[in-house]
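Please look over the structure shown here before reading on. The briefing is meant for someone who has not met it before.

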Amino acid sequence: MMQQPHPDSSGITLTCAVVTVSDTRTPETDKSGQLIQQLLIAANYAVGGYAIIKDEPTQIQGQIENLGKSANLDAVIFNGGTGIAPRDTTYDAIEQLLEKTLPGFGELFRFLSYQEIGSRAIASRAVAGIYQNKLIFSLPGSSNAVRLGMEKLILPELAHLVSQMRK
């Protein structure tokens, strides 16, 4: 689903990639990945790539490294693999590559999650930062978590964060 970028209300044109980390999802069953794309397009951001990869650290890091080489990409939004189960390796794989972290993203995500799901929010390892001049966001795989992170944190700040990186 390639979409041409359009400037948002601030005049900034942004292109994002969406990556679902899952051992079981397919493009037809990936409701969270589809939701991220729909929300980006509704906000007039372009979707410049979409992939589903296994929850394997080498695949996750390889995906980030490949997307980091894309000159026309501003942000990558991952979903899935942020819990504490043995197969949840997304946080560990991403965190090792980040050149700068945005600790407030994970802190605010868990705070907002706590308001919705209570103390279970402590198990979320949502993370964000910068790699190769690209914003990297990692959300849990549930559609409720994706909607929360996108609507309350990512979409309201995406243009501002990209403009800060471009300075």
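The points below cover an annotated region, one strand with its partners, and two individual residues.

The model is predicted. According to the unreviewed UniProt entry, the annotation "domain: MoaB/Mog" covers residues 17-161. Over residues 17-161, the chain is 46% helix and 21% strand, while the C-alpha atoms at the two ends lie 16 Å apart.

**Strand β1 and its surroundings**

- Strand β1, which spans residues 15-21, is largely enclosed by the rest of the structure, because seven of its seven residues are buried.
- In a regular strand, side chains alternate between the two faces of the sheet.
- In β1, Thr15, Ala17, Val19 and Val21 point one way, whereas Cys16, Val18 and Thr20 point the other way, and all of these residues are buried.

**Pairing partners of β1**

- Strand β2 (residues 46-53) pairs with β1 in the parallel sense, and this pairing runs over seven bridges.
- Strand β3 (75-79) also pairs with β1 in the parallel sense, here over five bridges.
- Cys16 takes part in both pairings, since its bridge partner in β2 is Val47 and its bridge partner in β3 is Ala75.
- Together with helix α1 (residues 31-42), the strands β1 and β2 make a β-α-β unit that is right-handed.

**Asp74, in a loop before β3**

- Asp74 lies in the loop that connects α2 (57-68) with β3 (75-79).
- With a relative accessibility of 12%, Asp74 counts as buried, because the cut-off for that class is under 20%.
- Leaving aside residues up to four places away in sequence, Asp74 touches Thr13, Leu14, Thr15, Lys134, Leu135, Val162, Met165 and Arg166.
- With one of these residues, Arg166, the contact includes a polar one between the two side chains, at 2.9 Å.

**Lys152, on helix α5**

- Lys152 is found in helix α5, which covers residues 143-165.
- At 54% relative accessibility, Lys152 counts as exposed, because the cut-off for that class is over 50%.
- When residues up to four places away in sequence are not counted, Lys152 touches Leu112 and Arg147.
- Leu112 is 40 residues from Lys152 along the chain, and the C-alpha atoms of the two are separated by 8.5 Å.

Conventions: Residues numbered from 1 in each chain as written. Predicted model: local features only at pLDDT ≥ 70, side-chain atom pairs only at ≥ 80, totals over all residues. Heavy atoms only, no water. Helix = DSSP H or I, 4+ residues; strand = E, 2+ residues; numbered from the N terminus. Buried < 20%, exposed > 50% of the residue type's maximum accessible area, 1.4 Å probe, protein only. Contact = heavy atoms within 4.5 Å. UniProt positions renumbered as here; feature names shortened; annotations may be inferred. Polar contact = N/O pair within 3.5 Å; in protein donor to acceptor, adjacent residues only side chain to side chain. Pairing = 2+ DSSP bridges. Right-handed = clockwise from strand over helix to strand, strands pointing away.
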